[in-house]
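This briefing walks through one protein model, topic by topic. Look over the sequence and the structure first, then read the notes beside them.

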Amino acid sequence: MTQFSIVVATLNESENIDLLLTRLFALDLSTKNFEIIFVDDGSNDGTPEKIRAWQNHTNVHLIERHEKPDLTASILAGVAIANSDVIVVMDADLSHPTEQLSAVVAPVISGQYDVSVGSRYITGGSTENWPLHRRILSRVGGWLARPLCDVNDATSGFFAFRRELANSISSNAHGYKILLELLMANQGQLRVIEIPICFRDRTHGTSKLSFAHQRAYLQRLMTLAGGTVSLNTAGRFAMVGLFGVLIDAFVFQWMISRDAGLALAHFISFFVAATVNYSLNSKWAFREHHAGYLKWHQFGRFLTVGAFALLLRGGVLALLVYVWHIPPLLAIFPAIVATAVVNYLGSAFYVFPGEKNLPSPEIRWRIAAIGIVIFILLLRLVYFGLAQLIPDETYYWQYAQHMDLSFYDHPPMVAWLIWLGTSILGHNEFGVRIGALICGLVTMGYLYALARNLYDKSSAMRAVLLLAILPLGFASGLLMTPDAPLVAAWAATLYYMERALVKGQATAWLGMGIAFGLGLLSKYTLGLLGIAALVFVIIDPTARRWMKRPHPYLAAVLACLLFSPVIIWNVQNEWASFAFQSTRLLDDSTNFSVHNLILYITILLTPIGLLATVLALFSRFDQTEDQFQCRRRLFVQVFTSVPLLIFLAISTFDLPKFHWTGPVWLAVLPSVAWMIGQNHISTMAKRLHAAWQPTIVACIFSYAFVLHYVVLGIPGIPYHLFTEHYFWRETTQKIEQITQDVRNKTGQEPIIVGMSKWSVASALYFYNHKQSNLDIRSRNLFGDSGAMYDYWFPSQHSTNRPIIQVGMKPINLDRIREGSPIKHMLNQPGDIEYHVIERYDGTPVRRVYYRVSQGFKGVSLPGI
């Protein structure tokens with residue numbers, strides 16, 4: 001009885017036929033157990049004749065196809081006449097090792113697996129004598145397929161499978177990667193194993209791979225992903241797009257010529273062009289996927305994609321005009337081209353998706369995750385060098401100008417990252433924030449790995465999606481504050497703790513020690529994970545065994561060594577930082593703020609995210625959990641609940657900060673992501689599943705809207721929403737003018753005092769650093785706390801130099817320390833005045849308040 005059939009597609013392989021068959025028949029296999037089916041695609045070098053010469057062997061068969069050559073069609077033709085239930089596919093060019101045939105086919109014959117893949121890209125696999133460009137093409141092709149299937153070598157041509165699976169392959173399948181078609185047609189239903197093989201380049205004949213094959217592979221890959229991507233749609237879309245570019249550019253230039261302003265001109269021109277494009281795309285470019293009448297849900301999707309493209313385009317336009325100084329009339333063209341890709345892919349995958357043979361929901365979530373994460377990263381890249389620094393970032397930039405082992409109110413990691421970024425990229429927004437971008441990528445990587453270890457690849461991709469779109473992840477990946485490295489270190493520590501405590505990997509303790517130490521250098525909050533780890537070890541008997549082994553203690557020693565700069569600084573400064581942090585907790589005043597904490601959590605997670613988190617933490621969906629699933633659930637619950645309970649306890653007597661609990665939710669995000677793919681487990685899960693799509697859209701739109709608002713503005717919306725803490729570049733320019741006026745009148749150099757703890761002084765410092773013509777201090781000049789300004793610029797004695805107080809509100813200029821007056825410390829204090837700050841185009845954005853005095857008498861506070 002024939003156990004398996006080998007199907008070999010040929011096209012001009014006459015030099016390899018004899019060698020291939022000789023090697024196959026030399027194997028230690030009975031010829032009664034297998035057959036070889038050659039399917040020739042129109043060879044003109046005598047390949048069919050070579051095969052016929054071997055047909056004295058009853059298990060050698062030949063099919064000659066006369067249609068257009070196509071590897072997938074050839075293989076399916078061979079499968080159709082096979083006499084066995086197991087099929088092996090291999091190439092005729094001797095690149096696949098015949099000696100590995102038994103190893104590849106055995107798992108399928110035994111019934112343990114449905115598909116067995118000869119893999120070049122797992123441990124033990126390799127390629128030999130392949131040109132570099134072919135290696136690169138193969139790797140890239142495999143990487144592109146990885147989001148769609150869970151096989152390391154999805155482009156392999158050497159594999160075995162159960163014959164009945166061929167019936168599930170789409171009739172539209174074509175190209176040279178039939179394994180991918182097979183895997184996608186049975187997504188999530190196959191038992192797949194990969195066997196390492198050594199792939200050797202052909203020694204006879206020429207490769208059939210061409211640019212057309214590569215293009216067809218990419219097109220098919222996108223079709224399998226659910227997109228309506230083809231040369232026809234792409235060509236028609238390009239023609240429509242070109243027409244739209246002309247309309248867009250014409251309207252834009254007309255508006256600019258009439259002094260409409262950059263934001264208004266780009267908005268109006270985009271909407272006019274987008275309206276024309278939708279009409280033409282729906283009725284022509286994607287006509288096969290349009291019903292011929294207006295579909296409101298489809299039109300809504302079009303508006304969504306258009307809004308995303310518009311808001312991204314605004315950033316590109318601002319980058320070209322304000323940073324690269326390209327005239328607006330020229331900058332509009334690359335801005336249009338840069339966002340055309342968003343429009344096309346959004347139309348192909350979201351507005352006009354393929355309605356036939358849609359991929360599974362798992363694949364659609366994966367594709368959505370990739371597209372959305374890429375878009376979020378583009379938003380960050382385009383805008384984070386354009387949006388002005390918030391005062392917090394300028395304060396940490398000041399850290400980097402006064403480098404030290406640590407600082408009064410935070411450990412040094414944020415300063416080190418800013419110093420590194422600005423040393424390479426300069427003292428600008430991009431240089432300050434590049435560390436946040438890198439930390440965000442590190443967080444994504446570790447969260448992906450954690451979620452994949454706890455659940456599966458699909459859950460891991462959804463977890464990264466959630467991190468990208470939820471406020472807790474978007475902000476930490478954009479703004480350079482201590483939270484950026486903290487979140488990255490938190491994710492890394494969770495990953496290594498899961499590997500050590502749940503999986504039992506001894507080597508993970510080394511990674512945990514490093515991650516924990518770096519996390520403490522970012523923010524002391526990471527110490528809460530140490531408490532959570534102790535609780536987990538006490539509760540879980542398996543993890544408790546580590547208490548008797550040296551690994552945890554060595555990891556703790558390593559973490560302490562990394563944390564030693566902070567300890568040394570505190571020793572040198574009378575334990576000031578530790579005292580500051582503990583004083584906040586041990587203060588006698590009580591401020592019950594649990595309601596504030598809950599509000600902040602709701603904002604960080606969104607309402608849907610909060611409900612999903614509660615469900616993931618406290619629901620048990622599988623009543624027959626095995627030991628690993630029970631320990632996995634315990635791990636998620638402990639490493640989320642312990643830090644959360646500590647913050648909850650603190651909020652009963654102290655006011656929490658908005659961002660405090662941000663990293664806490666990293667432990668539960670994999671469970672929330674897993675639950676999204678399990679909408680059948682409960683009615684509530686199904687409702688949450690339906691609510692995630694509008695939540696994701698709303699979050700992305702909000703981020704893009706705010707970034708566009710602060711960089712270019714939004715036509716019709718004034719700058720009075722939250723701008724008293726923003727637009728410090730323009731504010732600094734006005735303060736420079738006021739200072740020059742005082743210089744001219746008095747002949748002396750004024751002292752500029754930012755009337756806040758550190759934010760006003762730091763913002764003025766950053767946006768004046770190029771001129772460096774201002775002597776800037778913080779309010780600690782008047783004896784109040786100035787955090788690190790107490791160390792950098794201690795309060796001084798009296799002076800006759802003019803004092804210019806600068807504040808965000810009038811009351812800031814009059815009082816400090818629980819209402820203590822300032823006026824009596826000043827010589828001849830003037831009235832509090834204000835200036836309306838305007839942007840480059842004359843748009844009013846905020847007020848700045850100031851007062852000029854003729855000198856400073858020295859610190860004189862009640863009770864001092």
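How many helices and strands make up the secondary structure of the protein? The count comes to 30 helices and 18 strands. The model is a predicted one. Its C-alpha atoms fill a box of roughly 115 × 75 × 50 Å along the principal axes.

**Overall picture**

- The protein has 864 residues, and 53% of them count as buried.
- Among contacts between residues at least 6 apart in sequence, 76% join residues at least 24 apart.

**The sheet of 7 strands**

- Strands of a sheet pair through backbone hydrogen bonds, and the pairing is either parallel or antiparallel.
- One open sheet has 7 strands in the order E3-E2-E1-E4-E7-E5-E8, and its pairing is mixed.
- Strand E3 (60–64) and strand E8 (192–196) are at the edges; each has a single partner strand, so one side of each is left without a neighbour in the sheet.
- From one strand to the next, the twist averages 20°.
- Strand E2 (residues 34–40) runs parallel to E3, and 5 bridges join the two.
- Within this pair, Ile36 stands opposite Val60 in E3.
- Helix H3 (residues 71–80) lies across strand E1 (4–10), E2, E3, strand E4 (86–89) and strand E7 (159–162).
- The direction of H3 is at about 145° to E1.

**The sheet of 5 strands**

- Another open sheet has 5 strands in the order E11-E10-E12-E17-E16, again with mixed pairing.
- Its edges are strand E11 (775–778) and strand E16 (833–838); each has a single partner strand, so one side of each has no neighbour in the sheet.
- Neighbouring strands here are turned by 30° against each other on average, direction ignored.
- E16 and strand E17 (residues 844–853) run antiparallel and are joined by 6 bridges.
- One residue pair in this pairing is His835 with its bridge partner Val848 in E17.
- Helix H29 (residues 759–768) packs on the sheet and touches strand E10 (751–754), E11 and strand E12 (803–807).
- The direction of H29 makes about 155° with that of E11.

**The second largest pocket**

- About 1,700 Å³ of space lies in the second largest pocket.
- This pocket is lined by 45 residues, and the closest to its centre are Phe349, Ile367, Ala368, Gly371 and Ile372.
- Six helices each supply at least two residues of the lining: H5 (132–145), H7 (211–224), H10 (296–323), H11 (328–351), H12 (361–383) and H27 (683–711).
- H12 gives the largest share of the lining, 12 residues.
- By type, the lining divides into 36 nonpolar, 7 polar and 2 charged residues.

**Buried parts**

- His708 is found in helix H27.
- Is His708 buried or exposed? His708 has a relative accessible area of 0%, and buried means under 20%, so His708 is buried.
- Leaving out residues up to four places away in sequence, His708 touches His266, Phe267, Leu310, Leu311, Gly314, Tyr383, Gly713 and Ile714.
- Helix H13 (residues 391–401) is mostly covered, with 9 of its 11 residues buried.
- Among the buried residues of H13 are Glu393, Tyr395, Tyr396, Trp397 and Tyr399.
- What covers the buried residues of H13 includes helix H14 (413–425), helix H15 (429–454), helix H28 (728–746), H29 and helix H30 (789–792).

How values were computed: Residues numbered from 1 in each chain as written. Predicted model: local features only at pLDDT ≥ 70, side-chain atom pairs only at ≥ 80, totals over all residues. Heavy atoms only, no water. 1 Å grid on protein atoms, 1.4 Å probe; cavity = no way out; pocket = protein on both sides within 12 Å on 5 of 7 lines; lining within 4 Å. Points joined across faces, edges and corners; volume = space filled by probe spheres on them. Helix = DSSP H or I, 4+ residues; strand = E, 2+ residues; numbered from the N terminus. Nonpolar A, V, L, I, M, F, W, Y, C, P; charged D, E, K, R; others polar. Pairing = 2+ DSSP bridges. Axes fitted to C-alpha atoms, helices over the stretch in contact; angles between N-to-C directions. Contact = heavy atoms within 4.5 Å. Buried < 20%, exposed > 50% of the residue type's maximum accessible area, 1.4 Å probe, protein only.
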